[in-house]
Amino acid sequence: MAGAGAGPGASLRRGLEAPSELPEVHIQSPTSHPYVYRKRVTRLVGAPRPGDLVVVYYADGLRLGYGVFNPKSEIAVRMLQWDGDPPGEAFWEQRLSEAVALRRDILKLDSITDAYRLVHAEADGLSGIVIDRIGDTLSTEVFSLAMWQRAEEITTRLALRCGLSHWTIRTAPHALAQEGFLAEPKSSPGFPDRTLVHEHGTRFRVRFAGGHKTGFFCDQRDNRRMLAGFCEGRSVLDLCCYSGGFAVQAKRLGKAAEVTAVDLDENPLQLAKENANLNQVRVQFVQADAFAYMRDMLRLNRQYDVVVLDPPKLITCRQEIEEGTQKHFDLNRLAMQLVKPGGVLLSCTCAGLLSTDEFLRLLAAAARQSGPLLPGQFTPNGKPKHAARTLQFLARTGAALDHPVAAHCPEGEYLKAAWMRIL
């Protein structure tokens, strides 16, 4: 499958009205989960096409609800509604209205920031799509073929509702492998390649071209503010800093004595430097691999009062669980050695396939191997053995409140953040 727009239905744009007749998907048994996997489908009626709205039945013709269909995906149906009439324009408008009300009326995010998530996939009843407000733009990321077909209609309606000028839409990195389609990004006429956003009074520049996900990590907003509370007069190390969110807030809000920020990628690091300059704060930026940098600091006997470890997603599929878990362990074991006795480590993972319990066990195991070297003692695989350090869990947080989790789709709780004191 080569070329932009490849795959069934990739170039098809759909409206939000409900067809008069819907094809049928029959499954083995009822479910309250929004994902209906292909192996559960027993038969199709009416020849549903990729992206079609379908009615889902189980058992002897009992109706489960309505969803969107993709025969190329392991998730054959993404459920949208379990009762009532087929989802039409009123359904989509209600979903958008409820999503906006949470962020603006309940969380009152407009008084804090102009960068936040407006639609969070399953948690807002719209499986397969996330939409962030980034300044005066909407940035949409699409995970499913059906939502790609409807994304422009959804995004333009949401922009009008929020009074925003521009929008851009892109597919998720694994859309081709998981959904069987590939499509070029699309944007409103005159869409800017960058914008400026505000968060708790701090300014950040966002570049859309080549950026991760929707362009800015809104999910760490509350954690950035919380971290600032540990930083006054202290030394801070921000590993995998990307565009400098934690580093800049540690200096500006937290009044840290010194901040060092490390990232391997040149482009986001350049943006991080711009963000520091925007806020007139001094941060030392280092382009380096996190593993190599930490080993260099250990050789120099350098330690910090506060360390942040926020790596990119290390587990994207079940086949990567073992390798990704080991990477998390190795990163945290090194990071813990860089924390001064009594200092604070914030460790994050955005791997939804790594459970909270497993992540906490991993951190506890890393602490047991992060103390001083024990002369003449070695691990079973021949590596020098370290003494244990005492680890105190201070708090466990996740994504900011504009990233809710649906009770019937708990795997939506992808971001885990562990706050630890290392003795």
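This report walks through a few local features of the structure above, which is a predicted model.

**Leu145 and the cavity beside it**

A good place to begin is Leu145, a residue of helix α2, which covers residues 145-162. Leu145 is buried, as its relative accessible area is 1%. Leaving aside residues up to four places away in sequence, Leu145 touches Pro8, Gly9, Ala10, Pro50, Gly51, Asn70, Glu179 and Phe181. For a sense of distance, Asp238 is 93 residues from Leu145 in sequence, and the C-alpha atoms of the two are 37 Å apart in space.

Leu145 also takes part in lining a cavity. How many cavities of 30 Å³ or more does a search of the whole structure find? The search finds 1. The largest cavity has a volume of about 40 Å³. Its lining is made up of Val68, Phe69, Asn70, Ile75, Arg78, Ser144, Leu145, Ala146 and Glu179. Strand β5 (62-69), strand β6 (75-81) and helix α2 are the elements that give two or more residues to this lining. Two residues of the lining, Asn70 and Glu179, also appear among the contacts of Leu145.

**Cysteines**

What about disulfides? A disulfide is a covalent bond between the sulfur atoms of two cysteines. With sulfur atoms required to be within 2.5 Å of each other, the count for this model is 0 disulfides. Cys241 is one example: the nearest cysteine sulfur belongs to Cys240 and is 8.2 Å away, and Cys241 is in no disulfide. Cys241 counts as buried, because its relative accessibility is 5%. Cys409 is another buried cysteine, with a relative accessible area of 2%. Why does Cys409 form no bond with the closest cysteine sulfur? The closest one, in Cys350, is 17 Å from the sulfur of Cys409, which is too far for a bond.

**Aromatic rings**

The model holds 7 aromatic pairs. Phe91 and Trp92 form one of them, an edge-to-face pair with 5.3 Å from centre to centre and 85 degrees between the planes. Both Phe91 and Trp92 are buried. A further pair joins Phe204 and Phe216: the ring centres are 5.5 Å apart and the planes meet at 45 degrees, so this pair counts as tilted. Phe204 sits in strand β13 (residues 202-207) and Phe216 in the loop between β13 and α4 (221-228), so the pair ties together parts that are 12 residues apart in sequence. Phe204 and Phe216 are both buried.

Trp148 offers a ring contact of another kind: Lys186 lies over the face of Trp148, at 4.7 Å from the ring centre.

**Two loop residues with positive phi**

Finally, the table sets out Gln280 and Asn301, neither of which is a glycine although each has a positive phi.

| Residue | Phi | Loop | Relative accessibility |
|---|---|---|---|
| Gln280 | about 55 degrees | between α6 (266-278) and β16 (284-287) | 76% |
| Asn301 | about 60 degrees | between α7 (290-299) and β17 (304-309) | 71% |

Are these loop residues buried or exposed? Because exposed means over 50% relative accessible area, Gln280 counts as exposed at 76%, and Asn301 counts as exposed at 71%.

Notes. Residues numbered from 1 in each chain as written. Predicted model: local features only at pLDDT ≥ 70, side-chain atom pairs only at ≥ 80, totals over all residues. Heavy atoms only, no water. Helix = DSSP H or I, 4+ residues; strand = E, 2+ residues; numbered from the N terminus. Buried < 20%, exposed > 50% of the residue type's maximum accessible area, 1.4 Å probe, protein only. Contact = heavy atoms within 4.5 Å. Phe/Tyr/Trp six-rings, centres within 6.5 Å; stacked < 30°, edge-to-face > 60°. Lys NZ or Arg CZ within 6 Å of the ring centre and 35° of its normal. 1 Å grid on protein atoms, 1.4 Å probe; cavity = no way out; pocket = protein on both sides within 12 Å on 5 of 7 lines; lining within 4 Å. Points joined across faces, edges and corners; volume = space filled by probe spheres on them.
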